[in-house]
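This note sets out several points on the salt bridges and on one helix, for consideration alongside the coordinates. Please read the numbered paragraphs with the structure at hand.

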Amino acid sequence: MSLARTAALCALILWSRPCRLLAQADTTTAHTPLQYDITLVTSDTGAHVLLEVQTAWRLRTVNPVELQLDSTMRVIRVLVDGKPNTRLSRTMYARQGGEVIVPHEKAPGDTLSTRVRYHGYPAGGIRVGPDQYGDRTLAATTAGEAARFWLPVPDGPPGKAALSFHVQATEGQRVAAPGTLQKIDTLSYGNTTWHYRLDAPVPLSAIAVAAGPYAVIPLPSVRCPGKCETVAVAAWAYQQDREFAVRGPFRRAREMVDYFTGLIGPFPYPGLTHVESTMPGVTPGASVVLYDQAGYRGHTLDEPPVARATARQWFGNAVTPGDSAARVLSDGLAEYLAALWRGHADGDSAFRASMRTLADTARHAVPGAAPVSGAAEAARGAWIVHQLRGLVGDSGFFRGLRGYYGSYRDSTTSAAELERSMSAATGKELGWYFRQTLTQPGYPVVEVHWKQKGSTLALELLQTQPREWGVFRVPGLGLLVDGKPVKVDLTGRETRTEVKDLPGKVKRVELEEGGWWLVGRHGR
């Protein structure tokens, strides 16, 4: 907050004492949200919504609490620390465009509670109205930048917080919200209020809520390692789409949870609910995932998005990326785990097919291929993870992954934390690899030359990618010599090595397709 803006705020609220905010320079850091308690009431007929949101904060400075809330939402009142507004004592706040600014007189390290009541027609993030069959539904998400359209969130990184939801539903509707259903209150006019609670802190950008006349399909466990049977997994679909949901994309959704639990560690939330909704695309909220209704009616929704959204519960929601490099790794982990699931469920050929598709997509995540899509970055991240597994071996890789999850569950991380976890689990210095894959653009493009003399094959491998991509270190690059695998370490722009004791005349040398490294062939 600038000093000029601070002074304007002080003048606006007419404090009777000197404004403490002027004593601090412009070093604003968003305060830390600890818990959100959200009451959501929708109109019985229109798209109007009424919300009241109480937030517990850990203060980091003496500066005001600054909340982002779209200007289309009209603020009715603001309370601080539960103090009621009276004729003699009122909570002072400022509404400036898309912000709600709440001053306080507490010290850094103190806790503070704000309660904001507001209403309006959200410009995004919430859809209230008929579904594809004409039934009235609600779908809400905070994914991307959607939170500020309907939820007051910190100015800056959104942070993570525990959640409580109180969602009013009309007769015949069910409500899905993060966490565990605590109770359902029946109101005098036939509506109900559904109360949910989630004690684990979740990203404020990973909240999803839905209400509608759903068919609820519990998905029981078939084989469950450890104690994952305590995790409730269900699919919620419109009555007309129930059979498709059960027999199609969610037929093995419970097995995905069991498989990832055995691979990584305990599921981070009390349950996982897959919900059909009017929200476009796939919204992998913490413990609640929304899927576009069009994929049900057209029978185009299949297993891969379900596997990715399930994997995102571990990496993305429970372990949350805090910067762009960590986000590439986090999205890559979700993609890679989804590919591993395909291999586990449908065989190694399915895994390799997934990695080929990801390789084709990842090659678009390079300079000059703008705009780089989120899918391309996630595919690039999946190949970074796959290459890492090839470097350290299965045992070290999965041990490092479990250690990373165990250490940083419910936290926000950087790429350095994954590097340290993997290095500690494998006893290998991996800094060079993370620097290379996260700071160098592109991938190695390799031209292979060879000449045989007797039983010795002389190899020359040239890295021909654009010079601005740099030179890549590639241990264990796979080649096929007449179909037989050979490993070569690329150490520079030009690498020369020999393969000895060949049994006969060599006819063909080529890069191995589907190996551990994302490479391009010269001329392709």
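1. A salt bridge is taken here as a side-chain nitrogen of Lys or Arg within 4 Å of a carboxyl oxygen of Asp or Glu. By that criterion, the whole structure contains 23 salt bridges.

2. The model is predicted: local features need pLDDT of at least 70 and side-chain atom pairs count only at pLDDT 80 or more, whereas totals for chains, interfaces and linings use all residues. Residues are numbered from 1 along each chain as its sequence is written, and side-chain values use heavy atoms, with hydrogens and water left out.

3. One salt bridge links Arg 148 to Asp 70, with an N to O distance of 3.7 Å. Arg 148 belongs to helix α2 (residues 147-150) and Asp 70 to the loop between β3 (65-68) and β4 (73-80), so this pair ties together parts 78 residues apart in sequence. Helices (H or I, at least four residues) and strands (E, at least two) are DSSP runs, numbered from the N terminus.

4. Accessibility is classed as buried (under 20% relative accessible area), exposed (over 50%) or partly exposed (in between), with a 1.4 Å probe and protein chains only. Asp 70 is buried, at 12%, while Arg 148 is partly exposed, at 32%.

5. A second pair, Arg 380 and Glu 377, has its closest N and O atoms 3.0 Å apart. Both residues lie in helix α9 (residues 374-408), three residues apart, and are therefore separated by about one helical turn. Arg 380 is buried, with a relative accessibility of 16%; Glu 377 is partly exposed, at 28%.

6. Arg 508 and Glu 510 also form a salt bridge, at 3.2 Å from N to O. Arg 508 is partly exposed, with a relative accessible area of 49%. Elsewhere, Glu 52, Arg 77, Arg 115 and Arg 117 are joined into one network by salt bridges that share partners.

7. Does the length of helix α10 agree or disagree with expectation? The expected span is 1.5 Å times one less than the number of residues. For the 12 residues of α10 (residues 415-426) the value is 16 Å, and the end C-alpha atoms are 17 Å apart, which agrees.

8. The buried residues of α10 include Ala 415, Leu 418, Met 422 and Thr 426. The buried residues of this helix pack against α7 (324-346), α9, β22 (411-413) and α11 (431-439), where contact means heavy atoms within 4.5 Å. Just after α10, Gly 427 adopts a positive phi of about 70°.
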